[in-house]
Amino acid sequence: MRLSLPRIAAIALASAVIWVLDPSPSSAQDRVRVFAAASLTQPLTEILSAIPNVDGIYASSGTLARQIQAGAPADIYVSAHPRWTDHLVTQGVVASRDVTPFLQNALVLVAGPDKPLPDAFGSDLAALLTEHRLAIGDPDHVPAGQYARQALTAVGLWSSLEGSAVRSTSVRAVLAYVERGAVGYGIVYESDAVASQSVAKLRIPDALHDPILYTIALLRDTPAARAVLDALKGADSQATLSRYGFTIAPVE
């Protein structure tokens with residue numbers, strides 16, 4: 001069953017403060033905390049609901065990486081860009097052997113209600129954006145925003161949009177802006193568009209940006225955490241993730 005955006009937002013907000021409100025040692029030992037990119041909120045909420053003693057915490061990959069580096073008690077971290085797991089490896093938070101490819105995704109342009117889609121991602125889009133605003137994830141810490149900036153740069157639009165694009169704290173927020181009509185267009189992951197019933201989408205050519213690779217890191221090697229990691233990589237979880245528009249990354 002798909003969750004509504006208000007329900008998802010409530011889950012994400014409540015989850016994001018769990019480690020602050022409940023820091024007791026017994027709780028930290030008994031429960032496994034999965035910190036995951038906001039774009040995974042829907043599928044992981046569904047998957048983790050079937051696993052006992054697990055909390056899912058969702059936000060932008062960069063925000064979560066900084067929380068983990070600052071000592072947030074995460075057991076597993078799923079990033080929407082290898083940059084952030086690489087950062088934690090560099091900082092000595094996790095060993096490189098405990099980081100593996102997990103998922104792949106694609107980038108799409110989404111149009112709000114009654115907004116036309118361009119025929120192609122490029123000059124046609126530029127004409128539409130003279131009348132409507134574009135929302136993207138903040139490229140400083142949201143991987144989807146970094147990929148969006150690459151794609152816009154590749155078609156020569158970033159320099160004209162850099163100052164006017166609406167920068168959001170997460171890719172889920174970008175989708176919500178478009179769905180509400182707060183902006184005319186947005187750039188999100190294909191998996192986000194699959195979950196929406198109210199936007200039209202145009203796939204952005206993969207050649208315009210780096211491959212979209214999610215990585216998963218085992219931060220605390222405990223039997224409970226490893227069991228959850230195995231479950232996330234298992235066939236049932238992969239089927240759920242595929243249903244939400246993700247592609248399983250090849251095993252290296």
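Hi everyone. The protein we are looking at today has 13 helices and 11 strands. Helices here are DSSP runs of H or I with at least four residues, strands are runs of E with at least two, and both are numbered from the N terminus. Before we go on, please keep in mind that this is a predicted model: local features need pLDDT of at least 70, side-chain atom pairs count only at pLDDT 80 or more, and totals for chains, interfaces and linings use all residues. Residues are numbered from 1 along each chain as its sequence is written, and side-chain values use heavy atoms, with hydrogens and water left out.

Let's start with the whole protein. Of its 252 residues, 52% count as buried. Buried means under 20% relative accessible area, exposed means over 50%, and partly exposed is in between, using a 1.4 Å probe and protein chains only. Now for contacts, meaning heavy atoms within 4.5 Å. Take the contacts between residues at least 6 apart in sequence: 73% of them join residues at least 24 apart.

Next, the sheets. Strands of a sheet pair through backbone hydrogen bonds, either parallel or antiparallel. Two strands count as paired here if DSSP finds at least two bridges between them.

One open sheet has six strands, in the order β2-β1-β3-β10-β4-β11, with mixed pairing. Which strands stand at its edges? They are β2 (54-59) and β11, each with a single partner strand, so one side of each is left without a neighbour in the sheet. Inside this sheet, β1 (residues 32-37) and β3 (residues 76-79) run parallel and are joined by three bridges. If you want to find that pairing on screen, look for V34, whose bridge partner in β3 is I76. Strand β4 (residues 99-105) is joined to β10 by six bridges, and those two run antiparallel. There, T100 has I216 of β10 as its bridge partner. β4 also pairs with β11 (residues 247-248), again in the antiparallel sense, over two bridges. In that pairing, Q104 is opposite T247.

A helix goes with this sheet too. Helix α5 (residues 61-69) lies across β1, β2 and β3, and runs at about 145° to β1. For angles like this, axes are lines fitted to C-alpha atoms, for helices over the stretch in contact, and the angles run from 0 to 180 degrees between N-to-C directions.

The other open sheet has five strands, ordered β7-β6-β8-β5-β9, and its pairing is mixed. Its edges are β7 (166-168) and β9 (200-203), each with a single partner strand, so one side of each has no neighbour in the sheet. On average, neighbouring strands of this sheet are turned by 30° against each other, direction ignored. β6 (residues 134-137) and β7 run parallel, with three bridges between them, and G137 is opposite S168 of β7.

Helix α8 (residues 143-154) packs on this sheet, touching β5 (107-111), β6 and β8 (185-189), and its direction makes about 115° with that of β8. Helix α10 (residues 171-180) lies across β5, β6, β7 and β8, at about 145° to β8.

Is α10 enclosed or open? Eight of its 10 residues are buried, so α10 is largely enclosed by the rest of the structure. Among those buried residues are V171, R172 and E179. Following α10 comes G181, which has a positive phi, near 85°.

Now two single residues. A154 lies in α8, and at 46% relative accessibility A154 counts as partly exposed. H209, in the loop between β9 and β10 (212-218), counts as buried, at 8% relative accessibility. Leaving aside neighbours within four places in sequence, H209 is in contact with L107, Y147, Q150, A151 and I204.

Last, a helix pair. Two packed helices are described by the angle between their axes and the distance between the axes. Helices α4 (residues 41-48) and α13 (residues 235-243) pack at about 150°, with axes 9 Å apart. That makes α4 roughly antiparallel to α13; the cut-offs are under 35 degrees for roughly parallel, over 145 for roughly antiparallel, 65 to 115 for roughly perpendicular, and oblique for the rest. P43, E46 and I47 of α4 meet S237, T240, L241 and R243 of α13. Thanks for listening!
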